[in-house]
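User: Please go through this structure with me. I should like each descriptive term to be justified by its criterion.

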Amino acid sequence: AERILFDNDTGIDDALALVYLLSQDQVDLVSIASTPGNVSAEQVARNNLALLQLCGRPRVPVAIGADGPLEIPLVTTPETHGPQGLGYAELPAPGQAPQTGAVDRWVEAARRNPGELTALITAPLTNFALALRQEPRLPELLKRTVIMGGSYFYQGNTTPTAEWNTHVDPHAAAEVFAAFEGQPEERLPIVCALEMTERIELQPGHVERLAREAGCAEPELVWPEDPEGTRSTASVPLVRALSDALRFYFEFHRRYDQGYIAHVHDVFAAAVAAGTVDYRTRTATVHVETRPGPLVGTTVADYRGLWGRKPNAKIVCWNDPPAVFDEMVGSIAALARR
Ligand code: BDR
Ligand code: CA
């Protein structure tokens, strides 16, 4: 089994990643840290709790830690994920409130289970950086670390060069990579960055396949010609929720001229953490620009040791998008049918 500590900022693709993890019998989701990013920490926690409830897993603990980045004000992104973070999806209010102390919980769980837990972070690295301050041995205590963040081979999605998660809290990202510098290769974080995650290009056909495999008779879903904001009438609640969330994400991507598709970044990172997809990595030293100005949040990778520094990351350099979708659609459909 993969025992996973999940740190997210749910977020439409975080939601899909969470549902995917819940669909995996071999994944034991130990706890969820709700990190401010796409929306506020409170809203992230509400979304996580509502999704757990929808999937019949209300007992997975959800906690809030920091309420904003380490050194700069929080900027959220309602235009990408909707004002509440789940696009057009309207989920029943969660039956419970989140816990507090996400950072302490991170550290306690890792100390109690040395070498057993996989950390998966699909959000700004704020809470993870705070956990590393509290327990500098975290890299040794964790079995594996998987991060969605950065852009190393080409452009950003938030500024011309910076990716969202590193841009929201560049100081946290810089601290996390510094903390891993010089660790043995097997302990370096596996980094899923834009050049790989933008290849995980969801299309309406994937959602329709999900609906049919989940047993919806006549799914009314997410077609490009529908007026913006049209809601799904799919009969299976999980399919309806994901479809309404993803419709917003498709519309956002269309506005940026990429067509009626959606990059579901965090799902790829979740599949890497769950050990269900193939990928290849390259070892590198990552630098995160923290100085204010046009390059803040930009990540640069030194693959050749030109800076004379030790490696601090294993950056994914190959993945197999069709295999990721086959895996994800089939697993989530099976969960929706349960
Ligand atoms: C990342 O930014 C967020 O909006 C997504 O959830 C993902 O984690 C991609 O840059
Ligand atoms: Ca995210």
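Analyst: Strand S1 (residues 2-8) pairs with strand S2 (residues 27-34) in the parallel sense, over 7 bridges. The model is a predicted one, in which local features need pLDDT of at least 70 and side-chain atom pairs count only at pLDDT 80 or more, while totals for chains, interfaces and linings use all residues. Residues are numbered from 1 along each chain as its sequence is written, and chains are lettered from A and ligands numbered from 1 in the order in which they are written.

User: What makes S1 and S2 a pair?

Analyst: Two strands pair if DSSP finds at least two bridges between them; S1 and S2 have 7, so the criterion is met. Arg3 has Asp28 of S2 as its bridge partner, and Phe6 stands opposite Ile32 in S2. Strands here are DSSP runs of E with at least two residues, and helices are runs of H or I with at least four, each numbered from the N terminus. Helix H4 (residues 102-112) packs on the sheet and touches S1, S2, strand S3 (62-64) and strand S5 (117-121). The direction of H4 makes about 150 degrees with that of S2, on a scale from 0 to 180 degrees between N-to-C directions of axes fitted to C-alpha atoms, for helices over the stretch in contact.

User: Why do S4 and S11 count as edge strands?

Analyst: The open sheet has 10 strands in the order S4-S3-S2-S1-S5-S6-S7-S12-S10-S11, with mixed pairing. Strand S4 (99-100) and strand S11 (299-302) each have a single partner strand, so one side of each lacks a neighbour in the sheet.

User: Is Thr100 of S4 buried or exposed, and how do you know?

Analyst: Thr100 has 12 other C-beta atoms within 10 Å, so this residue is exposed. The limit for exposed is 12 or fewer, with buried at 20 or more and partly exposed in between, all counted within 10 Å between C-beta atoms placed from the backbone. Beyond four places in sequence, Thr100 touches Ala63 and Ile64, contact being C-beta atoms, placed from the backbone, within 7 Å. The C-alpha atoms of Thr100 and Ile64 are 4.9 Å apart, although 36 residues separate them in sequence.

User: What makes helix H8 an enclosed element?

Analyst: In helix H8 (residues 170-180), 9 of the 11 residues are buried, so the helix is largely enclosed by the rest of the structure. The buried residues include Pro170, Glu175 and Phe180. They pack against helix H5 (126-134), helix H6 (138-141), H7, strand S10 (279-288) and strand S12 (313-319).

User: How many residues of H12 are buried, and what follows?

Analyst: The count is 10 of the 10, so H12 is also largely enclosed by the rest of the structure. His265, Asp266 and Phe268 are among them. Just after H12, Gly275 takes a positive phi of about 75 degrees.

User: Which residues are closest to ligand 1, and how is its shell classed?

Analyst: Of the 14 residues around ligand 1, the closest are Gly11, Asp13, Glu163, Trp164 and His265; the criterion is a C-beta atom, placed from the backbone, within 6 Å. Helix H1 (12-22), helix H7 (164-168) and helix H12 (265-274) each supply at least two residues of the shell. By class, the shell has 2 nonpolar, 8 polar and 4 charged residues. Gly11 lies in the loop between S1 and H1, and a cis peptide bond with omega of about -10 degrees joins Thr10 to Gly11.

Technical notes: Contact = placed C-beta atoms within 7 Å. Nonpolar A, V, L, I, M, F, W, Y, C, P; charged D, E, K, R; others polar.
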